[in-house]
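Open the model in your viewer and switch to a cartoon view. This tour goes from one strand pair out to the whole chain.

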Amino acid sequence: LPAVIIAIVCAVFYISRQREKARTEKLANIFLDLGFPFQADLDPVRLEHLSGFPLMNIGRGKQSTNVISVEGPNADIAVFDYRYLTGGGDNRKVRKQTVMSEKSTSLVHPAFNLRPEGFWSKVGAAFGGQDIDFVSHPEFSEKYVLQGESEEEVRIYMDAILLNFFAAQNKICCEAREGIILDYHRYKRVDPDA
């Protein structure tokens with residue numbers, strides 16, 4: 001019986017590795033055909049710029065792979081796969097998502113975090129956790145938890161155009177710090193064929 005269990009674990013590990021390798025090869029070919037540079041890992045400088053974001057501080061065993069980046073005179077955009085582990089033992093989970101970061105000196109916005117509303121965020125709000133709602137946009141307020149260092153600045157920044165945009169999205173997360181914005185769908189990676 002132990003030999004069977006070991007064989008199953010090895011087979012699952014092998015299949016998982018092959019799928020990741022195929023994903024990397026497919027993404028590399030797509031982006032090289034489009035003329036975009038492709039990197040296996042996030043460079044240390046970019047990783048340091050992103051270290052203050054909540055997403056980048058969850059879990060352990062963090063990996064940033066399959067990176068494409070486009071740098072221009074006023075903006076630096078990167079798209080990458082981000083993976084980390086949570087829990088332990090039977091509750092261990094591998095979390096994966098595709099993340100887009102936009103960095104620009106022309107981005108002027110307050111620090112804020114936007115994520116889909118869920119059970120635990122409603123519990124947190126009941127106990128005084130911050131959730132900036134907009135009476136004028138009930139669909140947005142129902143779908144998302146919005147938090148920020150300065151509620152007043154966040155309310156000014158989140159105009160009707162942004163509120164309507166996010167309300168039309170499905171479970172998008174957005175984190176903003178000075179001059180940098182991260183966008184991703186929690187636990188969802190972009191299919192290379194999409």
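**Stop 1: a strand pair**

Select residues 60-71, strand β2, and residues 76-86, strand β3; 8 bridges join these two strands, which run antiparallel. Keep in mind that this is a predicted model. Now pick Arg60 and look across to β3: Leu85 stands opposite.

**Stop 2: the sheet**

Widen the selection to the strands. In what order do the 8 strands form the sheet? Follow them across: β1-β2-β3-β4-β8-β7-β5-β6. The sheet is open, and its pairing is antiparallel. Next, select 38-41 (β1) and 144-148 (β6), the strands at the edges. Each has a single partner strand, so one side of each is left without a neighbour in the sheet. Turn the view to see the twist, which averages 15 degrees from one strand to the next.

**Stop 3: along the chain**

Colour by secondary structure. The chain has 6 helices alongside its 8 strands. Trace the elements from the N terminus: α-β-α-β-β-β-β-α-α-β-α-α-β-β.

**Stop 4: the whole chain**

Zoom out and show the C-alpha atoms. Along the principal axes they fill a box of roughly 60 × 45 × 30 Å. Add contacts between residues at least 6 apart in sequence: 61% of these join residues at least 24 apart.

Switch to a surface. Its accessible area comes to about 12100 Å², with 59% belonging to carbon and sulfur atoms. Of the 194 residues, 34% count as buried.

Last, colour by charge. The chain carries 23 positive and 26 negative charges, and their mean positions are 10 Å apart.

Definitions and conventions: Residues numbered from 1 in each chain as written. Predicted model: local features only at pLDDT ≥ 70, side-chain atom pairs only at ≥ 80, totals over all residues. Heavy atoms only, no water. Pairing = 2+ DSSP bridges. Helix = DSSP H or I, 4+ residues; strand = E, 2+ residues; numbered from the N terminus. Axes fitted to C-alpha atoms, helices over the stretch in contact; angles between N-to-C directions. Buried < 20%, exposed > 50% of the residue type's maximum accessible area, 1.4 Å probe, protein only. Contact = heavy atoms within 4.5 Å. Areas by Shrake-Rupley, 256 points an atom, 1.4 Å probe, with all protein chains shown as cover. Lys, Arg positive; Asp, Glu negative; His and termini not counted. Charge placed at Lys NZ, Arg CZ, Asp CG, Glu CD.
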